[in-house]
Amino acid sequence: LAKKNLKSNYEYYAPEMEQQTTWRLDMIRQLNHDFEQRKLQLWYQPQVDLVTEQIVGMEALLRWPTDDGSFISPAVFVPLAEYSGLILSIGAWVLEESCRQLAALNEQGFHGLRMAINISMPQFRDPKFIENVKNIIAKNNIEPDRIELEITESVVMDEPQIVVDALHELKSFGVKVAIDDFGTGFSSMSYLQKLPLDRLKVDRDFVKDIKPGESAFLVETIVTLGNKLGLSTIAEGVEKREQASYMLKLGCDEAQGYLFAKPMPFDQLLEYLREND
Ligand code: C2E
Ligand code: MG
Ligand code: MG
Ligand code: MG
């Protein structure tokens, strides 16, 4: 039925287009179903201080398991969740779950860790979003500055005023804000300066460029920019020792990547924290 309705909206369509549309609708339907069946999971990837290599926090990352034991990448399903509006309920659950787990870590004796949570544009447009964030933090007895919301450059540039207002309100509550995948979008330099940001996450694409004995011009420029703007910096996707040393030499504060740990379920994170205490 949905297919028929869609068809009538388009005067011309190619068969591949129809296939694409059907695929998207099927995925969205399945995602909705699995979310309601509580099948989505949150995994956590540690973030470390580059000087001490101590764990300072973790990023919460969605996982959608399939029946054969593999996972559908969030890079595939998050855009579908955004497009369909499902990201509002999924995102609310991500906030709930990650704050609940951070509180659980506190109870287990792990204090002072930070939880980084990815936020999509439709969540910012939701008038109840800020209130939700505040309520969940209060309910879980979390210090607001232990929560860091990650937004991408495209979110910032999409609707600057909504985002600027929301960020100021979050900031006055104490929540931290990081700009994710930095360098891959098109940030206006004047916005970067105006926004109440705390951290800049250097995208993996730039970290990948770091090769032994060579200087990596872009990554150096990005870290310098972050420092000049008074922001903390964290490198994403650090897989090799030489990448960590190079980032440290540049003055980058923190890192996250397979060199230190892959994203893992909560139980494994707890074990990992105990082993690395
Ligand atoms: P992101 O926020 O930039 O997350 C970092 C991605 O890099 C994660 O992919 C992580 O697993 C991967 N990664 C970390 N270290 C390494 C490394 O050393 N090497 C390599 N090759 N990859 C590494 P993942 O988990 O597949 O997530 C993809 C994207 O999906 C995230 O990118 C984020 O934009 C989005 N996403 C995930 N969870 C959520 C969520 O709860 N809400 C929203 N709105 N988006 C989410
Ligand atoms: Mg992120
Ligand atoms: Mg990122
Ligand atoms: Mg990235």
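Begin by selecting Asn-118 together with ligand 1: in this predicted model, a polar side-chain atom of Asn-118 lies 3.0 Å from an oxygen atom of ligand 1. Keep ligand 1 selected and add Ser-120, whose side chain has an N or O atom 2.8 Å from a nitrogen atom of the ligand, and then Gln-45, where an N or O atom of the side chain is 3.0 Å from a nitrogen atom of ligand 1.

Next, show the surface around the ligand. Taken alone, ligand 1 exposes 800 Å², and the protein buries 83% of that; the ligand sits in the largest pocket. Strand E2 (55-65), helix H3 (74-84) and strand E6 are the elements that each give two or more residues to the surrounding shell, with E2 contributing the largest share, four residues. In total, 21 residues surround ligand 1, and the closest are Arg-63, Ser-120, Asp-180, Glu-239 and Tyr-258.

Now move to the magnesium ion that is ligand 4, and select its protein donors, Asp-181 (OD) and Glu-236 (OE), which lie 2.2 to 2.8 Å from the ion. This pair links distant parts of the chain, 55 residues apart, since Asp-181 belongs to strand E6 (residues 176-182), whereas Glu-236 is in the loop between strand E8 (232-235) and helix H12 (241-250).

Add ligand 3, also a magnesium ion, and you will find that Asp-181 bridges ligand 3 and ligand 4, which lie 3.0 Å apart.

Finally, colour the two donors by accessibility: are Asp-181 and Glu-236 buried or partly exposed? Asp-181 counts as partly exposed because its relative accessibility is 25%, while Glu-236, at 11% relative accessibility, counts as buried.

Technical notes. Residues numbered from 1 in each chain as written. Chains lettered and ligands numbered in written order. Predicted model: local features only at pLDDT ≥ 70, side-chain atom pairs only at ≥ 80, totals over all residues. Heavy atoms only, no water. Donors = N, O, S within 2.8 Å, 3.2 Å for Na, K, Ca; no water. Buried < 20%, exposed > 50% of the residue type's maximum accessible area, 1.4 Å probe, protein only. Near = heavy atom within 4 Å. Polar contact = N/O pair within 3.5 Å; in protein donor to acceptor, adjacent residues only side chain to side chain. Areas by Shrake-Rupley, 256 points an atom, 1.4 Å probe, with all protein chains shown as cover. 1 Å grid on protein atoms, 1.4 Å probe; cavity = no way out; pocket = protein on both sides within 12 Å on 5 of 7 lines; lining within 4 Å. Sits in = over half its atoms within 2 Å of the grid points.
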